[in-house]
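Proteins are not solid blocks. Look at the model below and think about its empty spaces and its helix packing.

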Amino acid sequence: MDENEDFSKLRPKTRAVRGGTRRTGFEETSEAMFLTSGFAYPSAESAERRFKNEEGGYVYSRFGNPTVEMFENRLALIEGAARCRATASGLAAVTAAMLALTRAGDHVVAARAMFGGCRYIIEELLPRFGVSCTLIDGRDLDAWAHAARPETKVFFLETPSNPTLELIDIAAVAAIARRAGARLVVDNVFATPILQAPLTLGADIVIYSATKHIDGQGRCLGGAILSNDIDWIEKTLWPLLRNTGPSLSPFNAWVLLKSLETLALRVETATAHAAHVASGLKAITGISRVIYPFADDFPQRELARRQMKAGGTLVTFEVAGGKDAAFRFANALKIIDISNNLGDAKSLITHPVTTTHQRLSPEARAELGITPGMLRLSVGLEDPEDLLDDLRRAAAKASRS
Ligand SMILES: *Cc1c(COP(=O)(O)O)cnc(C)c1O
């Protein structure tokens with residue numbers, strides 16, 4: 001904790017590389033990986049004191065681990081949050097945060113354009129424990145106010161959303177949440193901590209799937225929960241994590257910790273590539289629609305520029321001719337892989353209707369604007385001209401049915 005205070009005086013680039021580091025006596029330059037489940041105590045008295053919380057020091061890796069803590073502290077510094085807790089995956093983070101924020105009788109309002117697993121947690125899991133929910137169009141600010149009830153404890157949203165890249169005005173929803181006495185939780189995966197700072201805009205809790213841009217090289221799962229509410233993190237969330245065990249492996253924490261050093265470089269480069277690919281896609285015959293938050297024709301471009309530093313690494317587009325044409329398009333790609341992951345150095349494409357959003361009914365998909373010809377492209381670090389060549393070739397094949 002004290003370390004956080006020292007590192008917080010550093011400028012952002014330095015924090016990303018140095019923040020949270022704790023060297024051992026060997027003075028290693030690369031942070032150590034403490035691949036251990038437990039810790040030995042110098043004496044039985046010391047073990048007793050650590051269990052009573054009267055003495056610092058590690059006890060068991062479900063409670064805390066030095067490598068995991070380095071990752072948590074570095075991510076907190078990058079986000080500008082007082083505290084971070086890591087989890088085994090993004091969905092473990094969402095589950096833990098929602099369970100820590102609600103109890104039977106409470107109510108949650110959530111923007112319906114959210115990641116499939118988040119929707120399962122809010123729409124199916126929480127109601128089993130007596131927590132009801134109302135799903136709304138998150139772009140409609142009146143809908144948040146109307147859905148709020150005295151027992152509403154949480155507002156949950158994702159912006160930009162998957163896969164249609166719709167935006168929600170975080171500052172405006174945060175103000176409504178405050179008036180309603182609810183906490184605002186933002187799933188900031190698509191924007192990353194580099195392009196959007198929800199806590200600065202008034203959100204109470206930020207959640208990441210570290211599997212995506214934070215790893216950024218498709219190696220491991222991870223998640224994180226961040227907040228400036230130290231009391232909530234330590235007194236409510238922390239006991240839940242410690243006693244339910246969605247802990248991040250020290251090995252994965254080490255991979256993610258090292259990845260934070262290059263997060264900004266990767267996100268900024270992939271974002272520049274995505275903007276280039278988005279404008280190039282518009283000129284390709286057979287592509288009927290291109291969605292990119294910083295594009296001039298993006299309906300919410302004013303909001304995009306207000307709350308994001310840049311448009312992000314994802315581009316969504318529609319292939320004329322529906323599902324068959326979209327499949328021909330994806331199958332014809334030679335560089336871009338068909339994969340539902342995102343935020344990777346490698347460009348990846350997915351067909352939401354048949355993969356990430358196949359669980360939704362056709363009506364629910366229509367409500368979200370997800371069409372059969374839609375493809376979601378996560379732009380990576382390859383040369384964007386090679387990506388555009390690949391996309392042009394695929395479009396030509398897709399139009400020849
Ligand atoms: C991937 C993702 C998640 C879930 O994260 P996992 O690490 O896969 O569990 C949650 N929200 C969004 C927006 C995601 O893209």
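Start with a definition: a helix axis is a line fitted to C-alpha atoms over the stretch in contact, and the angle between two axes runs from 0 to 180 degrees between N-to-C directions. The model used here is predicted.

**Two helices in contact**

Helix α5 covers residues 90-101, and helix α6 covers residues 116-128. Their axes lie 10 Å apart and meet at an angle of about 35°. The crossing of α5 past α6 is right-handed. Which residues of α5 make the contact? They are Leu91, Val94, Thr95, Met98 and Leu99. From α6 come Gly117, Cys118, Ile121, Ile122, Leu125 and Leu126. By class, this contact has nine nonpolar residues, two polar ones and no charged ones.

**Closed spaces**

Rolling a probe the size of a water molecule over the atoms shows where empty space is left. This structure has four cavities of 30 Å³ or more. The largest cavity holds about 160 Å³ of space. It is lined by 16 residues, and Arg62, Phe63, Glu72, Ala86 and Trp238 are the closest to its centre. Three elements each give at least two residues to this lining: α4 (66-79), β1 (83-87) and α10 (230-244).

The second largest cavity has a volume of about 60 Å³. Its lining includes His213, Gly216, Arg266 and Val267. Ala270, Thr313 and Gly343 also line the second largest cavity, as do Asp344, Ala345, Val379 and Leu381.

**An open space**

The second largest pocket has a volume of about 550 Å³. How many residues line this pocket? There are 27, and the closest to its centre are Pro12, Pro193, Ile194, Ala264 and Lys309. Helices α2 (12-18), α4, α9 (192-195), α12 (263-282) and α13 (301-307) each supply at least two lining residues. The largest share, five residues, comes from α2. Two domains take part in the lining of this pocket. Domain 1 (11-260) and domain 2 (264-400) each provide at least three residues.

**Linings by class**

The table sets out the residue classes of the three linings.

| Space | Nonpolar | Polar | Charged |
|---|---|---|---|
| Largest cavity | seven residues | four residues | five residues |
| Second largest cavity | five residues | four residues | two residues |
| Second largest pocket | 15 residues | five residues | seven residues |

Now find α4 in the model. This helix supplies residues to the lining of the largest cavity, and α4 also supplies residues to the lining of the second largest pocket.

Methods. Residues numbered from 1 in each chain as written. Predicted model: local features only at pLDDT ≥ 70, side-chain atom pairs only at ≥ 80, totals over all residues. Heavy atoms only, no water. 1 Å grid on protein atoms, 1.4 Å probe; cavity = no way out; pocket = protein on both sides within 12 Å on 5 of 7 lines; lining within 4 Å. Points joined across faces, edges and corners; volume = space filled by probe spheres on them. Helix = DSSP H or I, 4+ residues; strand = E, 2+ residues; numbered from the N terminus. Nonpolar A, V, L, I, M, F, W, Y, C, P; charged D, E, K, R; others polar. Left-handed = near helix turned anticlockwise from the far one by under 90°. Contact = heavy atoms within 4.5 Å. Domains from an automatic or database assignment.
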